[in-house]
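Pull up the model and keep it open while you read. We'll walk through it piece by piece, starting in one sheet and ending with the chain seen whole.

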Amino acid sequence: MWARCIVVLCLWLPCAVAPAFADGYYDLAPQRIAPDTYVFLGALEAFDFDNHGAVANSGFIVTEQGVVVIDTGPSRLYGEAMRAAIARVTERPVVRVYITHAHADHFLGNNAFAGVPIAALPATAQTIRSAGEAMARHLYDRVGAAMRGTSVVVPDEIIDRRADPLVDYGDHRLELIATAGHSPADLMILDRRTGVLFAGDVVFHDRAPATPHGDFAGWQRALTTAADSGFRIVVPGHGPVAENDTPLEQTGAYLRWLAERLRAGAARGDSAAELMFEPLPPRWAALAVQPAEYRRSVTYLYPALEGATLK
Ligand SMILES: [Zn+2]
């Protein structure tokens, strides 16, 4: 009798609960963009209850040595959906995860990758350790139940900026490019074999750049580094993949325009509210998540600039 109950339970639980649970939130279809190279494109939106926080791009490279994952998305369930989608492409195990930077939409899927080394730049690991819980709570407020079971997993492998930036996975030679500017540490990964550059949030495409932790000068330097890397295909952190440097130029031009608008506003003595509701030029109004992202930029960046100008 008991034996039969246990058998019935075992038959029921996995199919009745687990797959439907994960699949209900994230329907991840990998897009092949180059040999062995796939991306999951995020929604060109801010976090909300419908997109479940899946607004950033993530990806993976299938090599003879196993699968290399770049960014893990906003939640445990997203990470699990990634793993299921990867398993439909290859039987090879995931052997390493790289986290491009410490923003919630890029690393909160880490706890779906137990047992896999998770590598990041030092400041990325440090920020996740100190602020990860607060970021997870914030995202839970914005997207709700899709976050269930998510816990913060700090990267356990620190990328030494002085070490050789080239790492071989089979015949895929990856170049780890350490920059900063979108955030205090922004990792880009160039696959020298395919020419694919996973640029993280150094590059946005047709979506307004998110700037709360931005440093304009550093960010422009990072864009120059990306442009000089010799890439053939660029995977932005947000927005469509491109085979040219249009997304880099777009991101750079937007940041120059934004910096100048904030500077001019401060020079005129505009209040943050005045500046926030000033209309956007058509080119920048046409980007996704506008004018919300522009207003967020004013909220985060203007007070310091205003203060410095008043002094
Ligand atoms: Zn992002």
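Strands β4 and β5 run parallel to each other, joined by 4 bridges. If you want a residue pair to find that pairing by, take I70, whose bridge partner in β5 is Y98. Strand β5 is mostly covered, with 4 of its 5 residues buried. Bear in mind as you click around that this is a predicted model.

Now zoom out to the sheet these strands belong to. It is an open sheet of 7 strands, ordered β1-β2-β3-β4-β5-β6-β7, and the pairing is mixed. At the edges stand β1 (31–34) and β7 (157–158); each has a single partner strand, so one side of each is left without a neighbour in the sheet. The partner of β1 is β2, residues 37–40, and these two pair in the antiparallel sense over 3 bridges. Here R32 is a handy marker, since its bridge partner in β2 is Y38. A helix packs on this sheet too: α3, residues 76–89, touches β2, β3 (58–63), β4 (66–70) and β5 (94–98). The direction of α3 makes about 35 degrees with that of β3.

On to the other sheet. This one is also open, with 5 strands in the order β8-β9-β10-β11-β12 and mixed pairing. Its edges are β8 (166–169) and β12, and as each has a single partner strand, one side of each is left without a neighbour in the sheet. Ignoring direction, neighbouring strands here are turned by 30 degrees against each other on average. Inside the sheet, β10 (residues 186–191) and β11 run antiparallel, joined by 3 bridges. One bridge to look up pairs D191 with V196 in β11.

Helices lie against this sheet as well. Helix α6 lies across β9 (172–179), β10 and β11, and runs at about 160 degrees to β11. Helix α7, residues 246–268, packs on the sheet by touching β11 and β12, and its direction makes about 20 degrees with that of β11.

Let's stay with V196 for a moment. This residue lies in strand β11, and its relative accessibility is 0%, so V196 counts as buried. What does V196 touch, not counting residues up to four places away in sequence? The list runs I33, A34, T37, I189, L190, D191, I233 and V235. I33 and A34 fall within the span of β1 (31–34), while T37 falls within that of β2 (37–40). For a sense of distance, the C-alpha atoms of V196 and G307 are separated by 42 Å, with their positions 111 residues apart along the chain.

R232 makes a nice contrast in distance. R232 and V196 are 36 residues apart in sequence, yet their C-alpha atoms are 6.0 Å apart in space. You'll find R232 in the loop between α6 (216–227) and β12. Leaving aside neighbours within four places in sequence, R232 is in contact with R193, T194, G195, A242, E243 and N244.

Next comes the metal. Which residues coordinate the zinc ion? They are D105 (OD), H106 (NE2), D201 (OD) and H238 (NE2), at 2.1 to 2.7 Å. The 4 donor atoms subtend angles of 86 to 166 degrees around the zinc ion, which makes the arrangement irregular. Written along the sequence, the spacing of the donor residues is D-H-x94-D-x36-H. D201 lies in strand β11 (residues 196–204) and H238 in strand β12 (residues 233–238), so this pair ties together parts that are 37 residues apart in sequence. D201 counts as buried because its relative accessibility is 3%. H238, at 2% relative accessibility, counts as buried too.

Finally, step back to the chain as a whole. Its secondary structure comes to 10 helices and 12 strands. Of the 311 residues, 52% are buried. Among contacts with a separation of 6 or more, 67% come from residues 24 or more positions apart. Along its principal axes, the C-alpha trace spans about 80 × 45 × 35 Å. The radius of gyration is 21 Å, which agrees with the value near 19 Å that a compact globule of 311 residues would have.

Note on methods: Residues are numbered from 1 along each chain as its sequence is written. This is a predicted model: local features need pLDDT of at least 70, side-chain atom pairs count only at pLDDT 80 or more; totals for chains, interfaces and linings use all residues. Side-chain values use heavy atoms; hydrogens and water are left out. Two strands pair if DSSP finds at least two bridges between them. Contact means heavy atoms within 4.5 Å. Axes are lines fitted to C-alpha atoms, for helices over the stretch in contact, and angles run from 0 to 180 degrees between N-to-C directions. Donors are N, O and S atoms within 2.8 Å of the metal (3.2 Å for Na, K and Ca); water is not among the atoms, so sites may look incomplete. Four donors count as tetrahedral if all angles lie between 85 and 135 degrees; four count as square planar and six as octahedral if opposite donors are over 155 degrees apart and all others between 65 and 115; anything else is irregular. Buried means under 20% relative accessible area, exposed over 50%, partly exposed in between (1.4 Å probe, protein chains only). The radius of gyration is taken over C-alpha atoms; the globule rule is 2.2 Å times the number of residues to the power 0.38.
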